[in-house]
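Me: I would like a close look at one part of this model, followed by a connected account of how that part sits among the packing and contacts elsewhere.

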Amino acid sequence: MRLFAGKVPVIASEVVQSLATAGDIETQAPNEVQLDVESVLKEYLRSERRVVDDAKTLMESRGTPYAELGKMKTQVARDQRVPMGEDALPFLLDQILEILFHSQNVEEVFAEDVVLRKKITAILRKHMDVEAELDKDVRSKIKNLEEGTASFETEYARVMDQLKRNKKLS
């Protein structure tokens, strides 16, 4: 599961529209509430980017091979207390609920936490599970190359970047 910058406005809009339409929240300024939700998601993306940058810097200073980036990211994320992977979803849910309860743009929250969590989780999952679909699309386009070869890796990265641009995910 991964949050893409291109999906932030879509997710925020869908969360606010879904909750407001169902009567779970009351707001006179849904666009402002959407901006509040977007700010939570963008801050998470900034934190995630900072973890990657710090991990790369640490690897460079230690002379660690690039193959260890995943382990280093995990260590840096743990040190900075930034949830990654599957831990990101509950964190984002908590942050979005917090902003809804404290936003000056939300007059009233009528729904229980559990109801809000279910609705927001469904929206986040729908938009964050895009990566598996992208992987499948990329592999179908480069099925003539043998997996594990340098040409496969190069072509995989090129096609993945192209699909992300086409779908406005990057």
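By about how many helical turns are Arg139 and Asp135 separated in helix H6?

Reply: Arg139 and Asp135 are separated by about one helical turn, because they stand four residues apart in helix H6, which covers residues 130-141. The model is a predicted one, and in it Arg139 forms a salt bridge with Asp135, with the closest N and O atoms 3.0 Å apart. Both partners fall in the intermediate class of accessibility: Arg139 is partly exposed at 32% relative accessibility, and Asp135 is partly exposed as well, with a relative accessible area of 23%.

The structure holds eight salt bridges, and two others can be set beside this one. Lys42 forms a salt bridge with Glu38, where the closest N and O atoms are 3.6 Å apart, and here again the residues are four apart, about one turn, within a helix, in this case H2. The accessibilities of this pair fall into two classes, since Lys42 is partly exposed with a relative accessible area of 40%, whereas Glu38, at 9% relative accessibility, counts as buried.

The other example is the salt bridge in which the side chains of Asp24 and Lys119 meet, at 2.5 Å from N to O. This pair links distant parts of the chain, with Asp24 in the loop between H1 and strand E1 (25-26) and Lys119 in helix H5, 95 residues apart. Asp24 is buried, its relative accessible area being 8%, while Lys119, at 27% relative accessibility, is partly exposed.

Turning from charged pairs to nonpolar packing, the largest nonpolar core has 37 residues, and those with the most contacts inside it are Leu3, Leu41, Ile96, Leu100, Ile120 and Leu124. Helices H1 (8-21), H2 (30-62), H3 (69-80), H4 (88-102) and H5 (113-128) each supply at least two residues of this core, and H2 gives the most, with nine residues. Leu124 shows what such packing looks like at a single residue: leaving aside residues up to four places away in sequence, Leu124 touches Ile11, Leu89, Leu92, Leu93 and Ile96. A second, separate core of 11 residues includes Phe4, Val138, Tyr156 and Leu163. As a general background to both, nonpolar side chains in soluble globular proteins tend to be buried together.

Aromatic contacts add a further link between helices. The count comes to two aromatic pairs, and in one of them the rings of Tyr44 and Phe91 have their centres 6.1 Å apart and their planes at 45°, so the pair is classed as tilted. Tyr44 belongs to helix H2 and Phe91 to helix H4, 47 residues apart, and the pair thus links distant parts of the chain. Tyr44 is buried, with a relative accessible area of 3%, whereas Phe91 is partly exposed at 30%.

Finally, there is the open space to consider. The largest pocket has a volume of about 670 Å³ and is lined by 22 residues, of which Arg2, Val52, Lys73, Glu131 and Lys164 lie nearest its centre. The elements that give two or more residues to this lining are H2, H3 and helix H7 (150-166), and the largest share, six residues, comes from H7.

Conventions: Residues are numbered from 1 along each chain as its sequence is written. This is a predicted model: local features need pLDDT of at least 70, side-chain atom pairs count only at pLDDT 80 or more; totals for chains, interfaces and linings use all residues. Side-chain values use heavy atoms; hydrogens and water are left out. A nonpolar core is a set of buried Ala, Val, Leu, Ile, Met, Phe, Trp, Tyr and Cys residues joined through side-chain atoms within 4.5 Å. Buried means under 20% relative accessible area, exposed over 50%, partly exposed in between (1.4 Å probe, protein chains only). Contact means heavy atoms within 4.5 Å. A salt bridge is a side-chain nitrogen of Lys or Arg within 4 Å of a carboxyl oxygen of Asp or Glu. Rings of Phe, Tyr and Trp (its six-membered ring) pair if their centres lie within 6.5 Å; planes under 30 degrees apart count as stacked, over 60 as edge-to-face and the rest as tilted. On a 1 Å grid over the protein atoms alone, a cavity is a set of points where a 1.4 Å probe fits but cannot get out, and a pocket is an open set with protein on both sides within 12 Å along at least five of seven lines; lining residues have an atom within 4 Å of a point. Grid points are joined across faces, edges and corners, and a volume is the space filled by probe spheres set on the points.
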